[in-house]
Amino acid sequence: MDGNASYGKKGFKRSRSHFADRITADGRDGWPVEAGRYRLVVSYACPWASRALVVRRLLGLEDALSLAVADPIQDDRSWRFTLDPDGRDPVLGIRYLAEAYDARETGYPGGVSVPAIVDVPSGALVTNDYQQLTLDLETEWTALHRPGAPDLYPEALRDEIDDVMEGIYRDVNNGVYRAGFATTQEEYDAAYRDVFTRLDLVSRRLTDRRYLVGDTITEADVRLFTTLVRFDAVYHGHFKCNRNKLTEDPVLWAYARDLYRTPGFGDTVDFDHIKRHYYGVHTGINPTGIVPLGPDRSGWDAPHGREALGGRPFGDGTAPAPR
């Protein structure tokens, strides 16, 4: 696992998605929206993949877009399907996600990342563009949405959503990684300050409003949630983002619990996968591989009181069916 041991020993820079084709209603990139044609590959450990899990569930795309779940523990070939019988994904027939990358581009030299969407007939990767993927599920896959699916990216609010998401991405979603994988004190200090400066701004924003933009859940809430839900379990200790815990910010803690108890959010979270991945894979940061037993998760189900702020979680739509 030489690649895993390198975490924390070389400078961190998040790569741009190399495969940025889009699956669209008109198929302009050669990939038309089609029920049953594509397979979404995720890890429950990964916050970027968790965005896709939440959006897929909120929009009711489970039947249209099948799901492959990778083992939270990677080896030197990255994400693998060792959770499935015989260690192969039952639909794609492959042992490693890297095989779908190779089917798309032989000898691709870059990293293998999730979320990824694979074309089932050809076995080739379509996209690993984690920033665009969920937006396309929301705006291009509308013909396959469930009745009552919420509008997570309403056109009238997109400029504001994009602005809010940009700051959250830079300073929080990616900021915790910049802190955790920093190789110098200066890099770490800067990232740490960015994380908590932005979280303070977001906390103030959410003091008197239930959601980040407008009065309904949007893509912005999805993107913030997937970092917040991991904060105390891994980012506070493992990534040294330890000014305070999520549970010590009354506003953000209540906001995160509100979303966690909303269908589509908490029911897509697997804390065991999250902790085993971060502590078990990042051996450059945690060489013993010991996975902490805490924190206590019982508080996630405690009342949050944010209903008093109003808001309509699903807007004019409805909640996804209970699991």
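**Exercise 1. Which strands does helix H2 lie across, and at about what angle does H2 run to S1?**

Before solving, keep in mind that this is a predicted model.

*Step 1.* Pick out helix H2, residues 47–59.
*Step 2.* Look at what sits under H2: the helix lies across strand S1 (38–42) and S2.
*Step 3.* Compare directions, and H2 comes out at about 130° to S1.

**Exercise 2. Work out the strand order of the sheet and find its edges.**

*Step 1.* Walk across the open sheet and you get S2-S1-S3-S4, four strands with mixed pairing.
*Step 2.* S2 (66–69) and S4 (124–127) each have a single partner strand, so one side of each has no neighbour in the sheet, and these two are the edges.
*Step 3.* Going from one strand to the next, the twist averages 35°.
*Step 4.* Zoom in on S3 (residues 116–119): its pairing with S4 is antiparallel, over three bridges. In S4, leucine 125 is what valine 118 faces.

**Exercise 3. Explain why cysteine 46 and cysteine 241 don't form a disulfide.**

*Step 1.* Take the sulfur of cysteine 46 and find the closest cysteine sulfur: that's the one in cysteine 241, 16 Å away.
*Step 2.* A disulfide needs the two sulfurs within 2.5 Å, so 16 Å is too far for a bond.
*Step 3.* Check the whole structure: the search finds zero disulfides.
*Step 4.* While you're there, look at burial. Cysteine 46 is buried at a relative accessible area of 8%, and cysteine 241 is buried too, at 0%.

**Exercise 4. Compare the span of helix H5 with that of a straight helix, then list what its buried residues pack against.**

*Step 1.* H5 covers residues 158–173, and a straight helix of 16 residues would span 22 Å.
*Step 2.* Between its end C-alpha atoms, H5 spans only 19 Å.
*Step 3.* Its buried residues include Ile161, Met165, Ile168 and Tyr169.
*Step 4.* The buried residues of H5 pack against H2, H4 (130–139), H6 (175–180), H7 (185–205) and H8 (219–235).

**Exercise 5. Take two aromatic pairs and place them in their helices.**

*Step 1.* The whole structure holds 24 aromatic pairs. One of them, tyrosine 188 with tyrosine 192, is tilted, with 5.7 Å centre to centre and 50° between the planes.
*Step 2.* These two tyrosines are four residues apart in H7, about one helical turn.
*Step 3.* Tyrosine 260 and phenylalanine 271 also make a tilted pair, at 6.4 Å and 35°. Tyrosine 260 is in H9 (residues 250–260) and phenylalanine 271 in H10 (residues 271–281), so the pair ties together parts 11 residues apart in sequence.
*Step 4.* Both tyrosine 260 and phenylalanine 271 are buried.

Notes:
Residues numbered from 1 in each chain as written. Predicted model: local features only at pLDDT ≥ 70, side-chain atom pairs only at ≥ 80, totals over all residues. Heavy atoms only, no water. Pairing = 2+ DSSP bridges. Axes fitted to C-alpha atoms, helices over the stretch in contact; angles between N-to-C directions. Contact = heavy atoms within 4.5 Å. Buried < 20%, exposed > 50% of the residue type's maximum accessible area, 1.4 Å probe, protein only. Expected span 1.5 Å × (residues − 1). Phe/Tyr/Trp six-rings, centres within 6.5 Å; stacked < 30°, edge-to-face > 60°.
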